[in-house]
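Colleague: Please take me closely through the packing of one pair of helices in this model. After that, carry on to the other helix contacts and to the pockets and the cavity.

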Amino acid sequence: MVEPVEKLPEEVLALIFRELPLRDRAVAARVCRAWAVAATGSAVWHNTSVSCDCELEDLLPPYLSTCLDHIHNLRLEYEPSKKPSRRAATELLTALAGRAPGLRGLRLECHGEKPLFDAGGDILSAVHAVCRTAHQLHHLDLRRLPYTLDDSLVLQAARDCPELRSLFLDNHALVDNVQPSSVLKLLEACPHLRALGLHLASLSRAALELLAAPHRAPFALLALRGACPEDARAPLLPDEAWATLSCRHPGLEVELELEPALPDEAVTRVLQPAVPVAVLRLNLSGDTVGPVRFAARHYAETLRALEVRASASTELHTALEELAARCAALREIHCFCVVRPSVLDAFRAHCPRLRSYTLKLKREPHPWRPTLVR
């Protein structure tokens, strides 16, 4: 005989409820006392995703507020142009700052268009409040926020979040206001940091040297984005500094994303032979062939994924074929222009670990979907 749902063990109910959207969890909690206990338990809320666009409004008091203590990792989505969604996100973050000292991870994702002249003061103030109280915070990911991030946020994290393991500030803002001096203070205050995402202008030789110091914990990922005027003026980070860092942390991977704001001379400064580039995304307004050839010559041992957005040309096709022949460990290649058949053949022949590729032989409607290699 089938077991009645109301008699299922609390552990089984929790496994079911943690897969439900927020609004459905609220409904389940009102069915009976047993369901309420299961729906508000820590097993349901340990890892939580919330979309403020469709499910949070009017749920914070009193239902969600009683569960905030159980949230360890929160992924929060909202739409900045929709006032109810934005208000709900701000209220949740503010409540989280007062009720969730055990928070370990926070990831914010902004979807839709940002209103003109929107600096995101309300959201960023709420993030500051979370950092002030979440002293056990391990992971903070702000890559999907479209606002200008500045020194005050980095210094707040340095003061109040000494247990940070990862911090991602390499977002799509048009201005970078995080100074290298603030990054140095962050690295000094957070000795366990293993992953860091920055704009190029925020990184300095002193930071590379500090990361290479003997006392540092193993450092795994450095994600760098060049997309704003400050990044175009970033100083050269010498090849010997990168070589020392790679020697100190042999497992280090660097992700580079280079956007149209970077002129050719800035790209040349960034692409140093000793940088252990694992992921390279090129969306340049100038020369793309040169950087692809540079990657083929110098990143053959480390490159795992390449993304190219450029106009098709014979020179680009030849450079891609050269890269395929040299980078046998490549797992992903995505080229957003039509390529000749020999390019596709080269990656199939020389890259046995290839798992996904976007190599179109004729124009197709967008968005282009990658091909998965089984």
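Modeller: In this predicted model, the axes of helix α6 (residues 121-133) and helix α7 (residues 151-160) come within 8 Å, and they cross at roughly 15°. That makes α6 roughly parallel to α7, since angles under 35 degrees count as roughly parallel. The crossing of these two helices, α6 and α7, is left-handed. On the α6 side the contact involves V127, H128, C131 and R132, which meet S152, L153, Q156 and D160 of α7. Sorted by class, the residues of this contact of α6 with α7 are three nonpolar, three polar and two charged.

Next come the other helix pairs. Helix α13 (residues 289-298) packs with α14 at an angle of about 15°, their axes being 8 Å apart. That makes α13 roughly parallel to α14, and α13 passes α14 in a left-handed crossing. From α13 the contact takes V289, V292, R293, A295, A296 and R297, and from α14 it takes E315, L316, T318, A319, L320, E322, L323 and R326. The classes in the contact of α13 with α14 are eight nonpolar, one polar and five charged residues.

Helix α14 (residues 314-326) also has a contact with helix α15 (residues 341-350): the axes of α14 and α15 come within 8 Å and cross at roughly 5°. That makes α14 roughly parallel to α15. Here H317, L320, E321, L323, A324 and A325 of α14 meet S342, V343, A346, F347 and H350 of α15. The contact of α14 with α15 has seven nonpolar residues, three polar and one charged. L320 and L323 of α14 are thus listed in the contact with α13 and also in the contact with α15.

Now the open spaces. The largest pocket holds about 270 Å³ of space. Its lining consists of R107, D141, R143, R144, D170, H172, A223, L224, R225, E255, E257 and R281. Three strands, β4 (139-144), β7 (221-226) and β8 (253-258), each supply at least two residues of that lining. By class, the lining of the largest pocket divides into nine charged, two nonpolar and one polar.

The second largest pocket has a volume of about 170 Å³. It is lined by C110, G112, E113, K114, R143, R144, L145, P146 and H172. Four of the residues lining the second largest pocket are charged, three are nonpolar and two are polar. R143, R144 and H172 appear in the lining of the largest pocket and in that of the second largest pocket.

As for enclosed space, a search of the whole structure finds one cavity of 30 Å³ or more. About 130 Å³ of space lies in the largest cavity. Its lining is made of 14 residues, and L200, P235, L237, R269 and V270 are those nearest its centre. Of the residues lining the largest cavity, 11 are nonpolar, one is polar and two are charged.

One backbone detail remains. Most peptide bonds are trans. The bond joining H366 and P367 is cis, with omega about 5°. P367 is found in the loop between β12 (356-359) and β13 (371-372).

How values were computed
Residues are numbered from 1 along each chain as its sequence is written. This is a predicted model: local features need pLDDT of at least 70, side-chain atom pairs count only at pLDDT 80 or more; totals for chains, interfaces and linings use all residues. Side-chain values use heavy atoms; hydrogens and water are left out. Axes are lines fitted to C-alpha atoms, for helices over the stretch in contact, and angles run from 0 to 180 degrees between N-to-C directions. Helices (H or I, at least four residues) and strands (E, at least two) are DSSP runs, numbered from the N terminus. Angles under 35 degrees count as roughly parallel, over 145 as roughly antiparallel, 65 to 115 as roughly perpendicular and the rest as oblique. A crossing is left-handed if the near helix is turned anticlockwise from the far one by less than a right angle, and right-handed if clockwise. Contact means heavy atoms within 4.5 Å. Ala, Val, Leu, Ile, Met, Phe, Trp, Tyr, Cys and Pro count as nonpolar, Asp, Glu, Lys and Arg as charged, and the others, Gly among them, as polar. On a 1 Å grid over the protein atoms alone, a cavity is a set of points where a 1.4 Å probe fits but cannot get out, and a pocket is an open set with protein on both sides within 12 Å along at least five of seven lines; lining residues have an atom within 4 Å of a point. Grid points are joined across faces, edges and corners, and a volume is the space filled by probe spheres set on the points.
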